[in-house]
Amino acid sequence: MTPVGLPHYLVLSALLFSLGLLGVVLRRNLLIVFISLELMLNAANIALVASARFLNRIGGQEMVFVVIAVAAAEVAVGLALLAALYRQRPTVQSNDLDALKF
Amino acid sequence: MNAILTMPEMAVTALALGLLVLDLWTPADRKGDLGIAAIGGLALILAGSFLFGAGAPQYAFGGMYVLDGMALFFKRLMLGVGVVALAAALEYSKRFAAGTAEYCALILLAVSGMMWAASANHWALLFVSVELMTVTFYVLVSFERTRMPSLEAGVKYLILGALASAFLVYGVALVFGGTGTLGFAGDSGPGLGTGSVLVRVGLALVLAGLGFKIGMVPCQFWAPDVYQGAPAPTAALLAAGSKAAGFALLLRVLLEAAPDWALEMRPVLMLIAGASILYGNLCAIPQRNLKRLLGYSSIAHAGYMLLGIVVLERAGAAAILFYLAGYACAVLAAFLVAALAFDPGEPEEIPALAGLHRRSPYLAAALALSMISLAGIPPLVGFFGKFLLLKGVVLAAFDSRSFGWLAGVALAGIVTSFYYYFGVVRAIYWSAPAAERPPIAVSRVAGAALGACLVGIVAAGVFPSPLLEAARLAAGALRIP
Amino acid sequence: MQTLFPWLILLLPLAAAALISLFTRPHRDLSARLSIGAIVAGFWLTLLLFALPGAAAQAYETRIPWLAAGGLQIDFGLRIDRLSLLMALVVTAVGGAIHIYSYEYMRGERRFSTYFACLSLFTFAMLGVVFAPNFVQMFFFWELVGVSSYLLIGFWFERPAAADAGLKAFLVNRVGDLGFLLGILLVWSRLGSVHFGELERRLAENPAALGAMATVAGLLIFCGALGKSAQFPLHIWLPDAMEGPTPVSALIHAATMVAAGVYMLARVFFLLAATPHWPAALHFLEGLDALEIIRIIGLFTALMAGLIALQQDDIKRVLAYSTLSQLGYMVMAIGLGQPGPAMFHLATHAGFKALLFLGAGAIILALHHEQDIWRMGGLRRAMPLTFWTFLIATLALCAVPPLGGFYSKESILAHAWHQDKLVFALAWCGSVLTALYMFRLVLVVFGGSPRRPRDAQPHEPSHIATWPMLFLAGLTVLAGGADVEGFLAGGAQGTASLASRLAGPLAHAPFVMLAGLAATGLGFAMAWGLYRGAYRDPLPARWSTLASALRQRLLLDAWYARWIGGSFEALACLASGVDRWIIAGAAVRGVHGSVELTGRLLRLAQTGKVSTYAFALGCGVAALLYWLIR
Amino acid sequence: MQDLLFYVFAAVALIAGFLAVANPFSRNPLASALFLAVALVAVSGLFVLLHAFFLGAVQILIYAGAVMVLFLFVIMLLDLREEQKRRARKVAAGLASALALALAALISAAALAGGGPADPPALEGGARALGRALFTDFLLPFEIVAVLLVAAMVGVVWLSRKEAA
């Protein structure tokens, strides 16, 4: 077995990223969609940290720092939006939200 | 450190924060003054931005931030867009019980995000500026938190926007993994080394992320739904500002950072451009909702502007800049009218525009001019932009037949678009209203903002030289290797 | 003065339009006077330009820099040469007459001032096309002509038909204009200039400069004329445009908008005549040059419109199809490589066709907006002046000497004879048709006895309306003496004596002249036989009913009715059917319908469900990656 | 040893991730949120393996801590029960899985083709190095993220405030 290197981490991150995409596409529950999006961002973070480690550049880690902060902000806004939505109409199913179409 | 270069962005951010703080001490009946102050402040910053000369590119923050002609052009454009959007917001926010200051402050923050994006020379700055813009827009789109369409649009924009951001950041990660640098320039030369397949795949993901901002196929689905549901000033800012920021970044990435890759991707980009033009124009035909129509048409306009990218030349970039400025004027005017001409809560149906010329000749003329400009009829600015974009493609058609096809598709799209744009004009002037409705009073601020857009539409169409010269200078600053 | 006058001619109507719409809207009379004053002043200034020593002798330009960015240098200027002066004269003379006539015709209109503002705007746009020295400026004004004609045709927008017609005219023209635009872009990108003079010079230096795109560029530019001059298959807007006020029809169908296409072709003739060459993809067309295609389209339009005109019952529609047919002749002349005769015919046609429309307007007004010719009849006595002017115009249209139309049409036919006998033969058939449908019109409308309610007492229009008609009648009579072709060719004026010029056709091509006269005679005889005293159109009816009435005497008539008339009828039906169903139906409605259907289907992708959107986005990205990696 | 840990953490992250997005046993968002937390902890373990100790800590603190609390809070607030069974959407599930698999395969192919032979790990990114870099090279993005957080905060406050009657 080859020693674990950058490709291993990248493949792992690709798998995790696709898993997140699967959730976004498949799931109708908005909360789980948000969870899937978090998973996708984490996949990117793995790729960034691994690249930073193996290419000896600290930039990747700094980028991860930024990504985590941005992800937190996105989740906060998303959940607040969900709460506001729930107040108007008690549903968190994305396919109930199809008044705007065609 | 040349931090002084970032003055305009800093000033906009400070203005936004100041607005939020002042809001605490402002009595409820004086909130409108805050909006006026914001407009005045932004206009001052716009004026101040002319103190910067468009000389050689200047860098700050270790080369992460670049101030060159193109960045300056985009910043002025975004500041102008911001002023008009604020005026619209001020008018529109009379509908909310509260929140004028928050709305204006968020618009300012979004504008600052766009301005950072115009100067991005580094993936990290690209990412955070895009995110600043996007996260702010999540709130701006769903700002009418008691109106379902606004909330629905907000949710859709958030999910798809976050998905696009995920693609973007993952692409950045792969590019970083392939090149080891987060700057747009590689170690050896001006462009990134794009030999490795990792970098090429990463750039494709970045393209998808930025394509979301400009609303190109296949990332276009959000546009009609969000434009329809969002408050009109937000939609105006999305159409004029967010699209401009997307193109600013796309130009930097494709022409400066990765020209080899762009050349490789040229067939795909051409396909995307053609598909966007056709999709936007065809879907717009049966539309009855004005904002939704503008959403579809924005997809088509993204396609037209991509024509300026696929030629991969400075002239094409200049055409995009010119077109963006003209498009901004027209689309801002259209959304301003949409914000003023409909009652609160009323869906923006086109048949409801019947008799508008009697309710307010000014609004009617403004909307008609904006539609004619979007359709690209001379002598308005939309014509000249299309003319320049098409010229590049026609010129390239001598070398490659596929460009001939692209020109044909673009023309077919333009012909199709006449139908629905003139449907709007017709509804305004040529159809009888179902019921007599009261005249519309246009406030001084909104009227002035609308007037500024109209002057832009007409003046830049009749005397395109100054704008064209500015666009050429700005595009000349692109460091195409 | 040489530079000041053209600017004044161009800008006076604009000033009038601006003044009316900004200030004088409530003052109806003042508005009309401003508008009329502007164009009449333009007419006198044009005449003065002709009279100025040397003004017409050589082309010159006056320009102000307008757009200079990078390699792009476009001026806003005026090109004054024989071609533009002639066209300006036509526009201001005929347009002026129509302006004055409108004053009477539109008297009761609520939006009287608006009408004149639109009229002035239209005149401004048209003069802009005439004086344009480069493609970009010409295209600007070209579009402005489109917009202002949209306003005029749809002036009575309360009537849905009028609004539809305006929109149709506008949209159909856009289709042609986009081809035009593409042609301009092609020429510009190949030759590096949009300036007519410069282009001509560069093309003269290097005839192959356009390379493989020569023919394509020419044809694309022709597309613009196809729309504006209503040539097949973009002719469909013109008959519908009759929904506009009658003076507008006169203006649009006679002197200006439809003429703009022919004028443009004459202006850029050097491009059309460039060495034919096709790109590799279209190599199988090698040998076919642009002019040939233009010729065929012109001829086809002339014949088709002539046939359709035979069976129209609306007086304005007959005239509309007749216009189509005459425009076909002009385009054919261009296609024959003869812009001179084309412009000559344009000038004479502008006069007499405007006169015909003004006459039709007088009749329509006198009969309280009755447009069906079968409810007219016997107007010769009630409206003698209208009758005589209408007759003069008809004779001119049918090429009866010594009226203007005779000389212009003979010139076209003579060139056809010299170049292509088949074209000549078909064009000759068109002449027969022209005489047939025009005399049918005259006989039915003015001849016979009145066919209308007794209380209707038609009378001549007032003096304000009759003066323009007399003026145009005078022009029509005198136009034959003008040596337009010689003038355009740059020859000194007045070298040939008037007599020799008037007898020109006899001297140069006696056969053609005689054949042309025979065609007119034949058409007249057929019309006389079929329509003298007719109460309804005999062609659709069975011939036996006709025969039972006047079997002995009308044996010839019956024979006509059965054989020639019958076959004409079938042809006319066919042509009309092609027009209505295939072109209007399949092409326009079909294309429009299928485009709309595609739109409706395509937008079903917009399901409103966010997961669909995400899925599509993901698929797009996956496809992109696959393309990169494969 | 380290390689073994990589495989362990990777497996945990993938399995927990899968259970978070497409749990075949439970449609309860609460379960999804908890599995996300497990996945995030595993990712944090990977960070530690990559010698990004500070990021590993941040990952636990911010994600597994703050973000997860937010999720749970909202789930409780909205009183979301188990999602009622909807009719099985086999086609949609098949299409989505195919898309995810295709994307994973494409990116993995790029990773394997572009990565080349594994470089030796080099970077030692402690808190000190990261901190210094954040306040020098990365000062600008860092500040902009601060502005972004302000914007998000304003938005959250606005969206979750009850409409004044």
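A good place to start is a group of aromatic rings: B:Phe322, B:Phe383, B:Phe384, B:Phe387, C:Phe135, C:Phe139, C:Phe140, C:Trp142, C:Phe180, C:Trp188 and C:Phe196 are joined into a cluster by ring pairs. The names in that list come from chain B and from chain C. Keep in mind as you look around that this is a predicted model.

How many aromatic pairs does the whole structure hold? Over all chains, a search finds 54 of them. One of these is formed by A:Tyr9 and A:Phe54, a tilted pair with 6.0 Å from centre to centre and 50° between the planes. A:Tyr9 belongs to helix H1 (residues 6-26) of chain A and A:Phe54 to helix H2 (residues 30-55) of chain A, so this pair ties together parts that are 45 residues apart in sequence. A:Tyr9 has a relative accessibility of 4%, so it counts as buried. A:Phe54, at 6%, counts as buried too, because the cut-off is under 20%.

Chain C offers another tilted pair, made by C:Phe424 and C:Phe511, with 6.4 Å centre to centre and 45° between the planes. Here the pair links distant parts of the chain: C:Phe424 sits in helix H19 (residues 421-446) of chain C and C:Phe511 in helix H24 (residues 510-531) of chain C, 87 residues apart. Are these two rings buried or exposed? C:Phe424 is buried, with a relative accessible area of 6%, whereas C:Phe511 counts as partly exposed at 47% relative accessibility.

Now let us step back to chain B as a whole. Its secondary structure consists of 19 helices and two strands. Along the principal axes, the C-alpha atoms of chain B fill a box of roughly 70 × 55 × 40 Å. What radius of gyration would a compact globule of 481 residues have? The expected value is near 23 Å, and chain B has 21 Å, which agrees. Of the 481 residues in chain B, 72% count as buried. Among the contacts in chain B with a separation of 6 or more, 79% are between residues 24 or more positions apart.

The outside of chain B can be described as well. About 12400 Å² is exposed, and carbon and sulfur atoms supply 67% of that area. Chain B also carries 28 positive and 23 negative charges, and the mean positions of the two sets are 5 Å apart.

Some single residues of chain B are worth a visit. B:Ala118 is in helix H4 (residues 100-118) of chain B, and with a relative accessible area of 1% it is buried. Which residues does B:Ala118 touch, leaving aside its neighbours within four places in sequence? The contacts are B:Ala71, B:Phe74, B:Lys75, B:Ala248 and B:Arg252. Of these partners, B:Phe74 is 44 residues from B:Ala118 in sequence, while the two C-alpha atoms are 6.1 Å apart in space.

The backbone has its own details to show. The peptide bond that runs from B:Val217 to B:Pro218 is cis, with omega near 5°. B:Pro218 is placed in the loop between helix H7 (197-214) and helix H8 (222-229) of chain B. Further along, B:Leu312 has a phi near 55°, a positive value in a residue other than glycine. B:Leu312 lies in the loop between helix H12 (290-310) and helix H13 (314-341) of chain B. Its relative accessible area is 18%, so B:Leu312 is buried, given that the limit is under 20%.

In chain C, C:Ala230 also has a positive phi, about 55°, although it is not a glycine. The loop between helix H8 (214-228) and helix H9 (237-240) of chain C is where C:Ala230 is found. C:Ala230 is buried, with a relative accessible area of 0%.

The tour ends at chain D. What does its secondary structure come to? Chain D has six helices and zero strands, following the pattern α-α-α-α-α-α along the sequence. Buried residues make up 42% of the 165 residues in chain D. Among its contacts with a separation of 6 or more, residues 24 or more positions apart account for 61%. Chain D exposes about 8200 Å², and 73% of this comes from carbon and sulfur atoms.

Key. Residues numbered from 1 in each chain as written. Chains lettered and ligands numbered in written order. Predicted model: local features only at pLDDT ≥ 70, side-chain atom pairs only at ≥ 80, totals over all residues. Heavy atoms only, no water. Helix = DSSP H or I, 4+ residues; strand = E, 2+ residues; numbered from the N terminus. Rg over C-alpha atoms; globule rule 2.2 N^0.38 Å. Buried < 20%, exposed > 50% of the residue type's maximum accessible area, 1.4 Å probe, protein only. Contact = heavy atoms within 4.5 Å. Areas by Shrake-Rupley, 256 points an atom, 1.4 Å probe, with all protein chains shown as cover. Lys, Arg positive; Asp, Glu negative; His and termini not counted. Charge placed at Lys NZ, Arg CZ, Asp CG, Glu CD. Phe/Tyr/Trp six-rings, centres within 6.5 Å; stacked < 30°, edge-to-face > 60°.
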